[in-house]
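I opened this model to look up a few strands, helices, single residues and empty spaces. My entries follow in the order I made them.

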Amino acid sequence: MEGPGVLLIKEKLSFIRDKIILDVNGNTKENKELLIGKRVLDIKSFGKKLIFEFDDFYLIIHFLMYGSFRINEKRENKRERLSIVINNSEINFYNTSIKIIKRDEFYLDQSIDIMSENFDKLKAKNKIKNSKKIISDILLDQGTFAGVGNIIKNEALFRANVHPLSIGEKIEEEYIDNLIEKVLSFSYEFYLVRKFNKRLKNHLLIYGKKICSIDGEKIKLKYIGETKRKTYFCESCQRLFV
C-alpha cells in the first residue's frame, strides 16, 4: 500500500468523523478496548498510515505491503486485525499494523508526506544531496518521502532518467529537482487512477515491463538496496551517478 491508496481510504472512511465507536474486535495485541465509547474527532492519512484522531490519543493503522479493509464485509478465512463498529457500519482491517499512541508522542510532519500540499521539496532535496545511500533506498525512506512505495519509486526514477543505484550526493542538482517533481506528479496520477477505478497497469512505464518503451532495450530487474525490493530499470535511459 502506497500513499495515494491510503489517502483514498481516508476519503472513503470520512463518514466516521464525529461518530462514536460502539464495539471493537480483532486479533491485534493493542488494547483495542480503549476505543469503545470514544468519538472520532478526525481521520487523516499520513504516508502509508491511516490515523484516527481521538481526544487523548491516535489510532494508527499501517497498511504495510498487503494491508486492506472492508466496510460491512468480511474476508473469507481471514481474521480481522481490527474491527470497528460505528452506528450501522463495521470497518474491518486486514494485514495491518495497529498502534495506539498518545497525542503528545506522535507528530504529523506534513512536510514529508508526498500526498500533502505542504510537502517540502527543498527539505527532500537536501536529504538526497547529503546522503551517501543509493537513491532507491532514499526514496523508500518514510522519514523523507512518506508514502512512497516500490511502484512510485520505480516509476519516478525512470521518468526522471535516474539509475536506481545512483548515490544521492552524486546526483546532479537538476536531476534531483526533476526526480522530486516526478515523485509528486506520479503519486497524484496514481491517486486519480485509483479514485476513478482505472487500471494502474495502463499508466506504468517501467514497473512490471520487459522492454523499454523509449529505446526498445531489455529492461533489467534486480533486487537492490537495504530492503532488496524489486527494481526495474533501463541501463541506457537512466543515468548512473556514482
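**Entry 1: strand β6 and its partners**

I began with one pair of residues: V24 stands opposite I84 in β6. I note here that the model is predicted. V24 sits in a strand pairing that I checked next: β1 (residues 21–25) and β6 run antiparallel and are joined by four bridges.

On β6 I then looked up a second partner. Strand β7 (residues 89–94) pairs with β6 over five bridges, again in the antiparallel sense. I picked out one bridge there: I86 has S89 of β7 as its partner. The two strands make a hairpin, with two residues between them. I checked the turn and found that N87 has a positive phi of about 50 degrees.

How many of the five residues of β6 are buried? I got four, so strand β6 (residues 82–86) is largely enclosed by the rest of the structure.

**Entry 2: T28**

I located T28 in the loop between β1 and β2 (42–46). Is T28 buried or exposed? The relative accessibility is 9%, so T28 counts as buried; the cut-off is under 20%.

I listed the contacts of T28, leaving out residues up to four places away in sequence. They are R81, L82 and I98. I also looked for a polar partner. A polar atom of the T28 side chain lies 3.2 Å from the backbone nitrogen of E30.

**Entry 3: the β9–β10 hairpin**

I moved on to strand β9 (residues 220–224) and strand β10 (residues 229–233). They run antiparallel, with five bridges joining them. K222 stands opposite T231 in β10. This pair also forms a hairpin, with four residues between the strands. In the turn, G225 has a positive phi of about 85 degrees.

I took one distance back to Entry 2. From C-alpha to C-alpha, K222 and T28 are 35 Å apart in space. In sequence they are 194 residues apart.

**Entry 4: Q238**

I found Q238 in the segment after β10. Its relative accessible area is 2%, so I logged Q238 as buried.

What does the side chain of Q238 reach? I found the backbone nitrogen of C234 at 2.8 Å. A polar atom of the Q238 side chain also lies 2.9 Å from the backbone oxygen of V162.

I listed the wider contacts too, not counting residues up to four places away in sequence. Q238 touches L157, F158, N161, V162, H163, P164, I206, Y232 and F233.

**Entry 5: helix α2 and the cavity**

I turned to helix α2 (residues 121–129). A124, K125 and I128 are buried there. Why do I say that they line one face of the helix? Seen down the axis of α2, the buried residues fall within an arc of 100 degrees, so one face holds them. The general rule I kept in mind is that an α-helix has 3.6 residues a turn, so residues three or four places apart point the same way.

I looked up the packing of these buried residues. They pack against α3 (135–140) and α5 (173–195). At the start of α2, a side-chain oxygen of D120 comes to within 3.1 Å of the backbone nitrogen of L122.

I then searched for enclosed space. The structure holds one cavity of 30 Å³ or more. The volume of the largest cavity is about 30 Å³. I listed the lining as S111, I112, D120, K123, A124, K127, G143 and T144. D120 and A124, both noted above, are in that list.

**Entry 6: helix α1 and the largest pocket**

How many of the 10 residues of α1 are buried? I got eight, and α1 is mostly covered. The buried residues are G3, P4, G5, V6, L7, L8, I9 and K10. I checked what they pack against: β2, β3 (49–53), β5 (68–71), α4 and α5.

I closed with the largest pocket. The volume is about 540 Å³. Of its 20 lining residues, M1, E2, M65, F190 and R194 are the closest to the centre. I asked which helices supply the lining. At least two residues each come from α1 (3–12), α4 (150–159) and α5. The largest share, four residues, is that of α1.

Notes:
Residues are numbered from 1 along each chain as its sequence is written. This is a predicted model: local features need pLDDT of at least 70, side-chain atom pairs count only at pLDDT 80 or more; totals for chains, interfaces and linings use all residues. Side-chain values use heavy atoms; hydrogens and water are left out. Buried means under 20% relative accessible area, exposed over 50%, partly exposed in between (1.4 Å probe, protein chains only). Two strands pair if DSSP finds at least two bridges between them. The arc is that of the directions from the helix axis to the C-beta atoms. Contact means heavy atoms within 4.5 Å. A polar contact is a pair of N or O atoms within 3.5 Å; within protein, one must be able to donate a hydrogen and the other to accept it, and residues adjacent in sequence count only if both atoms are side-chain atoms. On a 1 Å grid over the protein atoms alone, a cavity is a set of points where a 1.4 Å probe fits but cannot get out, and a pocket is an open set with protein on both sides within 12 Å along at least five of seven lines; lining residues have an atom within 4 Å of a point. Grid points are joined across faces, edges and corners, and a volume is the space filled by probe spheres set on the points.
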